[in-house]
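Hi,

Here is the structure I promised to pass on. Please have a look at it before reading my notes underneath.

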Amino acid sequence: MRNKLNKLWIPLAVVCFFAVQAVGMPPFMRWGSLRTAAPGHPDTIKYVNQFIRSTSLTEDTSMMTVLPLDTVKRLTARDTIFPPDSLRETDPFRYRYYVALLDSATHIFVRDSLRNAGDSLDWPRLDSLYRLDSIARKKAEFDLWYNSLDKAGKKKYHSEQKSIAKKHVMDSVLNVKDSLKAIRDSITENTPRILETFAIPDSMQYKRIVQWTHEREFHKIDAHEPDTGFNYRFHDYPIFRNDVNATWLGVAGSPAQYYNFFRRDSENGVAFYDPYEAWAFSPKTAPMYNTKTPYTELAYSGTLFAPLQKESDNLHILTTQNILPELNVTLEYDRFGGGGIMENETTVNKNFSVTTNYLGKRYMMHAGYLYNMVNRGENGGTNDISAVRDTTIDGREYPINLSNAGTLVKKNSFFLDQQYRIPFTFIKNLKFRKEIKADGHYRDSILALGDSTLIQEMEETLAERASAREMADTLDDQKMTSAFIGHSSELSIFRRVYDDNISLNDKAGRAFYKDFFYNPTTSHDSMRVMKLENRVFLRLQPWSDNAIISKINGGIGSRIMSHSVFDPTFTQGYRNEVWNSAFIYAGAEGQLRDYISWDAAGDYFFAGTQINDMSVRANLRLNLYPFRRAKKSPLSLGAHFETSLREPDFYYQNFYSNHYRWENSFSKISTTKISGNIAVPRWNLGLEAGYALLSNNIYFDPSATIRQNSVPMSIFSATLTKNFTLGLFHLDNRLLFQLSSNQEVVPLPLLAANARWYMQLNIAKGILKMQIGADAWWNTEYYSQGWNPAIGAFINQNEVKYSNGPFIDAFVNMQWKRACIFVKLENAGMGWPMDKADYFSANNYIRTQRCIKFGIYWPFYKQPSSNKAVQAGAGMGGVTGGIKAPPTMDRGVGGLGR
């Protein structure tokens with residue numbers, strides 16, 4: 001106890017000391033004041049010392065400290081300045097306030113005293129005389145000084161004054177400019193950025209960010225909000241977002257072909273580029289944006305802990321911003337690639353795009369530049385699959401077919417799509433014809449009277465009526481009969497270069513390629529396509545934009561395709577062959593409120609190399625709303641039909657390389673598809689089914705010889721998507737069923753499945769959600785296609801059947817506010833539970849062996865309100881994002897999106 005008191009007594013003493021000082025401190029004292037004379041003696045002005053307070057004050061001074069008084073007499077202006085007696089009679093006012101007119105301190109004191117005393121005559125006059133006298137004295141002083149200067153002094157003075165005046169003018173101008181800039185900035189900052197356009201529905205124009213793609217024929221767009229949820233971003237490869245599975249070469253960015261036959265459409269119409277389309281954008285699939293605030297996406301996924309030669313790195317960078325509410329600019333960069341598991345399959349797939357769009361009240365434009373480069377080492381796959389199935393050796397030790405070969409593919413695309421809307425306002429004005437005529441009579445009658453008051457009232461009344469008519473036109477702008485004049489142009493250049501070096505002692509390489517036509521050891525094969533296409537069209541909107549017949553379209557176009565091919569005579573090196581064609585196309589579309597929508601289109605080549613090529617396609621969608629508790633959740637039924645007759649690709653008919661050559665005269669390829677789909681988002685259920693009839697389709701046989709199937713064949717495909725939720729447990733499933741009437745021509749697995757089963761935990765409500773589970777792929781055995789590097793195409797084989805699984809990824813997937821983060825143990829089972837490992841992605845090609853993969857996706861944008869709760873089912877595509885009614889059906893069964 002004593003020790004504690006010894007420690008406390010010093011701080012207690014200090015506290016008590018300051019407390020006593022605070023209690024005994026005297027109040028704040030004023031050191032002086034001024035007093036005016038009593039009202040009864042207006043001529044008497046008393047001056048009180050401002051530093052020594054008078055003792056005649058009645059304030060309580062018992063607590064004040066008495067200070068010694070300063071007894072030294074102080075002189076004032078009254079003591080030294082005396083008015084002349086002559087002013088007493090001539091100017092009594094100036095005589096009375098003589099000192100106050102000369103001394104500034106006395107002037108202020110006297111003026112304030114008069115004002116406080118209630119005088120309203122003397123003090124303004126005193127103020128005015130003081131200013132006049134001061135000015136006169138200063139002017140006299142200045143004139144005296146100025147006249148004393150010599151000529152050089154006066155010149156210097158005038159120069160200095162001009163400089164000062166000029167500086168004042170410049171400062172004034174700059175201040176005005178700064179003020180105007182501040183006003184403009186304030187107006188810009190506080191003006192709402194409202195999008196007004198005919199191109200997208202009113203319900204989407206006020207969204208923070210809107211994304212869409214547009215079709216090239218008539219510029220129809222499908223707008224939606226982009227998905228930033230962790231379900232959609234879980235699959236970092238587009239081939240797994242868009243389909244159950246794919247045939248690919250096992251490395252990100254490598255050639256790929258979807259399992260679902262109905263997704264194997266060519267966006268660019270260049271055969272050697274088709275295997276790379278899944279990783280890149282075309283003018284038709286390039287995403288466009290409109291944002292209220294700048295928006296940026298950063299994403300990375302890769303195997304950080306894998307050996308350097310096997311490491312996979314994928315990068316995504318996107319930034320988009322609206323310069324005006326109507327004008328947007330977007331930059332995007334994507335990189336897919338990795339070292340691969342086996343030797344010589346390093347892949348780098350880079351995409352860069354610059355796009356812009358303008359959505360105005362009358363004008364709409366989409367333009368951009370798309371670049372894609374693929375640089376890949378080609379090993380031809382392993383030549384001993386038993387090393388994968390029956391051994392545990394490292395993938396780098398698997399024997400391969402090609403040890404020194406590679407492919408370089410490049411694409412450069414420029415596109416510009418634009419249209420202008422011409423509303424037929426004269427039709428709208430017919431409704432107001434009687435009103436406008438009555439307004440004219442009213443104007444004439446008032447003008448005849450000549451009464452200015454009545455004329456002014458008449459002008460105001462007519463202006464209000466005209467404004468009301470204009471407002472009615474604006475509100476019904478979308479429902480007005482209109483015409484659209486549009487133009488589309490595209491310039492694309494595709495190039496593929498294949499190189500290899502196969503020595504005479506390379507048994508594996510010489511067994512892989514049977515023929516060496518122009519060089520026994522070295523190959524350098526190049527292909528190049530230049531595509532120039534232009535379209536001009538006219539669209540008519542007879543009634544409103546949501547009428548049962550809302551658009552009638554027609555257009556004409558030309559297509560020039562220049563093909564570079566190796567000269568088989570070995571005399572010219574390479575030569576160009578040009579396809580020049582002209583075509584017409586037409587279409588129509590309409591809708592009935594939110595329940596029925598339809599569209600149809602067709603094209604026909606009437607001249608040129610592709611003459612008699614044609615296509616017809618149609619879509620129908622019916623939306624029902626049967627749910628009482630979710631009245632806005634639809635049950636969507638869709639149907640799609642298309643038929644086409646196309647000239648086979650130039651390189652299918654003319655090809656010359658060191659290992660393969662052919663000259664063919666193939667017939668036109670006939671394709672007919674009919675499909676339907678059902679989507680029930682409320683039940684997380686989707687079903688798609690389609691039937692295709694093919695004739696004269698092209699394929700490569702096991703010897704890599706190109707062939708045309710002259711016997712008609714059919715394909716049936718059905719995809720079922722169903723997501724179950726059982727408390728914390730989620731079972732997301734996709735199942736693909738396909739039947740091919742000729743497996744030797746189009747080999748397809750009977751069943752293919754992708755199941756993502758996980759437990760979802762709400763770690764912090766609205767902040768962090770976590771999923772822990774497994775993602776698995778499997779399909780029934782079939783003759784999976786292989787890849788031929790020299791041709792650049794998938795080829796059939798009839799030697800080995802693959803089930804390509806089960807391939808299992810164990811994962812932890814998280815949404816932390818805006819960021820999506822996952823950690824995966826890829827190929828966790830390494831072939832388990834099968835007796836033999838079968839994690840092949842194509843014939844002789846394997847997927848990743850067991851490794852840890854990390855991924856993060858992070859969007860950045862300015863959000864005015866706090867983050868909303870994390871939505872687990874916020875995805876938009878496939879099993880990863882729940883079920884959503886497809887907005888368009890022009891791609892048959894399902895749509896393609898990255």
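Below are some notes on its surface and its cavities.

This is a predicted model, with local features needing pLDDT of at least 70 and side-chain atom pairs pLDDT 80 or more, while totals for chains, interfaces and linings use all residues. Residues are numbered from 1 along each chain as its sequence is written, and side-chain values use heavy atoms, without hydrogens or water.

On the surface, Tyr420, Ile422, Ile485, Leu538, Leu540, Trp543, Ile548, Ile549, Ile552 and Leu592 make a nonpolar patch of about 900 Å². Patch residues have over 30% relative accessible area and no salt bridge, with nonpolar side chains (Val, Leu, Ile, Met, Phe, Trp, Tyr) joined within 5 Å. A salt bridge here puts a Lys or Arg side-chain nitrogen within 4 Å of an Asp or Glu carboxyl oxygen. Areas are Shrake-Rupley values with a 1.4 Å probe, and only the protein chains shown count as cover for residues. Tryptophan 543 is exposed at 53% relative accessible area (exposed is over 50%).

Inside, the search gives 4 cavities of 30 Å³ or more. A cavity is a set of points on a 1 Å grid over the protein atoms alone where a 1.4 Å probe fits but cannot get out, and lining residues have an atom within 4 Å of a point. Volumes are the space filled by probe spheres set on the points, which are joined across faces, edges and corners. The largest cavity is about 70 Å³, and its lining includes Arg496, Asp525 and Tyr651. The second largest is about 50 Å³, with Phe281, Asn351 and Lys411 among its lining residues.

Best wishes

Note on methods
Patches are made of residues with over 30% relative accessible area and no salt bridge: like charges are joined within 9 Å, nonpolar side chains (Val, Leu, Ile, Met, Phe, Trp, Tyr) within 5 Å. Buried means under 20% relative accessible area, exposed over 50%, partly exposed in between (1.4 Å probe, protein chains only). On a 1 Å grid over the protein atoms alone, a cavity is a set of points where a 1.4 Å probe fits but cannot get out, and a pocket is an open set with protein on both sides within 12 Å along at least five of seven lines; lining residues have an atom within 4 Å of a point.
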